[in-house]
Amino acid sequence: MPSHRIEQINKLILEQLNIQILREINLPVGCLVTITKVNTTRDFSLSRVTASIIPAERNLSVLGLLNNKAGYLQHLIAQKIAVFKVPKLTFILDTGGVHVERLDELIDKIHHEK
């Protein structure tokens, strides 16, 4: 179970990433990225960042972009939060977003069939 300190760091990193990605990363037109979860290791060396990407067709390209910009984002976060060391960021895909997008498509299809 994560310590209270790790939970606080996870929350701060999540909040800052959502802000910094919106401000600083040039995402492809029509893409939306939301950071849904951050898991930081006990030694604060690594944070696994779960990202929800819409549309699903852009998952791999946007995930690659985020991982390429991870060092830059880590630098920005270091300027915003007061910690001795900001963990290395690794982005992974939140597959729950794919399911939500598919459900939205099905609901729209049902409404159009009526």
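D94 is buried in this predicted model yet takes part in no salt bridge. The nearest side chain of opposite charge belongs to K37, at a distance of 9.1 Å. This aspartate is found in the loop between β3 (88-93) and α4 (96-113), and the protein around it has four helices and three strands. The briefing below begins with the surroundings of D94 and then turns to the overall fold, the sheet, the loops that flank β2, and helix α1.

**Surroundings of D94**

- The side chain of D94 makes a polar contact with the side chain of T36, at 2.8 Å.
- Leaving aside residues up to four places away in sequence, D94 touches T36, T50, A51 and S52.
- One of these neighbours, A51, is a residue of β2 and serves as the bridge partner of I35.
- K37 carries the nearest side chain of opposite charge, but its distance of 9.1 Å from D94 goes with the absence of a salt bridge; a salt bridge would require a side-chain nitrogen of Lys or Arg within 4 Å of a carboxyl oxygen.

**Overall fold**

- Read along the sequence, the secondary structure follows the pattern α-β-β-α-α-β-α.
- Of the 114 residues in the protein, 32% are buried.
- Contacts between residues at least 6 apart in sequence include a share of 64% that join residues at least 24 apart.
- Taken along the principal axes, the C-alpha atoms fill a box of roughly 60 × 35 × 20 Å.

**The sheet**

- The three strands form an open sheet in the order β1-β2-β3, with mixed pairing.
- The edge strands of this sheet are β1 and β3, each of which pairs on one side only.
- From one strand to the next, the twist averages 30°.
- Strand β1 (residues 32-40) pairs with strand β2 (residues 46-54) in the antiparallel sense, over eight bridges.
- Within the pairing of β1 and β2, L32 has I54 of β2 as its bridge partner, while I35 is matched with A51.
- Strands β2 and β3 run parallel and are joined by six bridges.
- Bridge partners in β3 include T90, which is matched with R48, and F91, which is matched with V49.
- In a regular strand, side chains alternate between the two faces of the sheet.

**Loops on either side of β2**

- β1 and β2 form a hairpin with five residues between them.
- F44 is placed in the loop between β1 and β2.
- The phi angle of F44 is positive, at about 60°, although this residue is not a glycine.
- F44 counts as partly exposed because its relative accessibility is 22%, whereas the buried class is reserved for values under 20%.
- At the other end of β2, I54 is the bridge partner of L32 and is joined to P55 by a cis peptide bond.
- The omega angle of the bond between I54 and P55 is about 5°.
- P55 itself lies in the loop between β2 and α2 (59-68).

**Helix α1 and Q20**

- Helix α1 (residues 4-24) lies across β1, β2 and β3.
- The direction of α1 is at about 160° to that of β1.
- Q20 is a residue of helix α1.
- Q20 is classed as buried because its relative accessible area is 3%.
- Leaving aside residues up to four places away in sequence, Q20 touches I25, L73, L76 and K80.
- The C-alpha atoms of Q20 and I77 are separated by 8.1 Å, although the two residues are 57 residues apart along the chain.

Key:
Residues numbered from 1 in each chain as written. Predicted model: local features only at pLDDT ≥ 70, side-chain atom pairs only at ≥ 80, totals over all residues. Heavy atoms only, no water. Pairing = 2+ DSSP bridges. Helix = DSSP H or I, 4+ residues; strand = E, 2+ residues; numbered from the N terminus. Buried < 20%, exposed > 50% of the residue type's maximum accessible area, 1.4 Å probe, protein only. Lys, Arg positive; Asp, Glu negative; His and termini not counted. Polar contact = N/O pair within 3.5 Å; in protein donor to acceptor, adjacent residues only side chain to side chain. Contact = heavy atoms within 4.5 Å. Axes fitted to C-alpha atoms, helices over the stretch in contact; angles between N-to-C directions.
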